[in-house]
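Dear colleague,

I am handing over the structure below, together with some notes on what was found in it. Please keep the model open beside this email while you read, and look up each residue as it comes.

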Amino acid sequence: MGSVRTLADALAEGPVPLDGGLSNQLEAQGCDLSDALWSARLLVDAPEQIEAAHLAYLRAGARVLITAGYQATYEGFARRGIGPAGAGRLFGSSVELARRAAGAAHRTDPAREIWVAASVGPYGAMLADGSEYRGRYGLTVRELERFHRPRVAALAAAGPDVLALETVPDADEAEALLRVAEESGVPHWLSYSVAGGRTRAGQPLEEAFARAAGRDAVVAVGVNCCDPAEAGEAVELAVAVTGKPAVVYPNSGEGWDAGGRRWTGRSTFDPARVRAWTEAGARLVGGCCRVGPELIADLSALLER
């Protein structure tokens, strides 16, 4: 089972809806995500919950599923007593669970195209202290390459359609991720977490997006887990700098309190923004944290008009 077209081919023809925040859907299903592994803990303890969350987004109209690998690392699993071989199997499981959900959706709609994107979160996600919203870890590009290479290889071996290099706070980490992803031979997208028109590490977005320019394996460039109000301008810039389709999946607009491990403020995510995003060149469009199946259903319906 698999999609006939590549994701890149599909994007060349028009917008494709992504899913929404995996963590909020898991919490809605009654899962406790207070562990440092976050949603990746359920790869060990309750994989059926991850599959159910993926299926909820497919029922809402998503055609790209992002796996539960964002906070999954060899180092994080080691702290749970899981060795390299076991961790490798869990990386593979994250892709397989999304494939199973896609299979269930295909049984009711055999013609539907669904792609699986293996999530590759930033180094800061492993620290589980909010560092992915700051960047500037004090590591060199080569050191970041060494950190990311083993799990990217494990994810690539599981056969995803694409790698999602996501919530990247720092242009230097983007460089490391892009180098490692190119080695894998799997197509990939790059999406930054941004604030105030810059990366979370403070670099100009034009400079950050330029890291992906001229790389044939990059299928889309853009932003995720940012305030929805920032998304439109970022999409325009990503397309202008790289000439590639843009990917955009902001969070709800609420703020994350890393110390208290809770969301603050109110949601400002409006699916109606999708029209402006696609007019600016967005081709992969969805939501991130706190954007659930109901909002993805609205967004998907707008994309189909």
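Let me begin with helix α4, which covers residues 47-59. This helix has 13 residues, and from its first C-alpha to its last it reaches 19 Å, close to the 18 Å that would be expected at 1.5 Å a residue. Please bear in mind throughout that this is a predicted model.

Which residues of α4 are buried? They are Ile 50, Ala 53, His 54, Leu 55, Ala 56, Tyr 57 and Leu 58. When you look at them, it helps to remember that an α-helix has 3.6 residues a turn, so residues three or four places apart point the same way. The parts that cover the buried residues of α4 include the helices α2 (22-28), α3 (42-45), α6 and α13 (293-304), and also the strand β2 (64-66). Just after α4 comes Gly 61, which takes a positive phi of about 115 degrees.

Next, the aromatic rings. A pair of aromatic rings is described by the distance of the centres and the angle of the planes. The structure holds eight aromatic pairs, and I will describe two of them here. In one of the pairs, the rings of Tyr 74 and Phe 91 have centres 5.0 Å apart and planes at 65 degrees, and because planes over 60 degrees apart count as edge-to-face, this pair is edge-to-face. Tyr 74 belongs to helix α5 (residues 74-78) and Phe 91 to helix α6 (residues 84-108), so the pair ties together parts that are 17 residues apart in sequence. The two partners can also be described by their accessibility: Tyr 74 is partly exposed, with a relative accessible area of 24%, whereas Phe 91, at 1%, counts as buried. 

The other pair is made by Trp 189 and Tyr 249, whose ring centres lie 6.1 Å apart with planes at 85 degrees, so this pair is edge-to-face as well. Trp 189 sits in strand β5 (residues 188-192) and Tyr 249 in strand β9 (residues 246-249), so that the pair links distant parts of the chain, 60 residues apart. Both Trp 189 and Tyr 249 are buried. Returning to Tyr 74 and Phe 91, you will find that they form one aromatic cluster together with Phe 77.

Some of these residues appear again in the interior. The largest nonpolar core has 101 residues, and those with the most contacts inside it are Val 64, Phe 77, Leu 163, Trp 189, Tyr 192 and Leu 284. Helix α6 gives the most to this core, with ten residues. Apart from this core lies another one, of six residues, among them Tyr 123, Leu 144, Phe 147 and Ala 176. If you would like to trace the surroundings of one residue, Leu 163 is in contact, leaving aside its neighbours within four places in sequence, with residues including Ala 118, Val 120, Val 152, Leu 155, Val 186 and Trp 189.

There is also a pocket to look at. The largest pocket has a volume of about 560 Å³, and of the 37 residues that line it, the closest to its centre are Ser 23, Trp 38, Tyr 70, Gln 71 and Cys 289. The elements that give two or more residues to this lining are α2, β4 (162-168) and β11 (262-264), with the largest share, four residues, coming from α2.

Finally, here are three single residues. Gly 121 is found in the loop between β3 (115-120) and α7 (123-127), and at 0% relative accessibility it counts as buried. Not counting neighbours within four places in sequence, Gly 121 is in contact with Tyr 70, His 148, Arg 151 and Glu 166. Gly 76 has its place in helix α5 and is buried too, with a relative accessible area of 5%. Leaving out residues up to four places away in sequence, Gly 76 touches Leu 37 and Met 126. The C-alpha atoms of Gly 76 and Ala 125 are 9.7 Å apart in space, although 49 residues separate the two in sequence.

Is Glu 294, the last of the three, buried or exposed? Glu 294, which is found in helix α13, counts as exposed, because its relative accessibility is 61% and exposed means over 50%.

With best wishes

Terms used: Residues are numbered from 1 along each chain as its sequence is written. This is a predicted model: local features need pLDDT of at least 70, side-chain atom pairs count only at pLDDT 80 or more; totals for chains, interfaces and linings use all residues. Side-chain values use heavy atoms; hydrogens and water are left out. Rings of Phe, Tyr and Trp (its six-membered ring) pair if their centres lie within 6.5 Å; planes under 30 degrees apart count as stacked, over 60 as edge-to-face and the rest as tilted. Buried means under 20% relative accessible area, exposed over 50%, partly exposed in between (1.4 Å probe, protein chains only). The expected span of a helix is 1.5 Å times one less than its number of residues. Contact means heavy atoms within 4.5 Å. A nonpolar core is a set of buried Ala, Val, Leu, Ile, Met, Phe, Trp, Tyr and Cys residues joined through side-chain atoms within 4.5 Å. On a 1 Å grid over the protein atoms alone, a cavity is a set of points where a 1.4 Å probe fits but cannot get out, and a pocket is an open set with protein on both sides within 12 Å along at least five of seven lines; lining residues have an atom within 4 Å of a point. Grid points are joined across faces, edges and corners, and a volume is the space filled by probe spheres set on the points.
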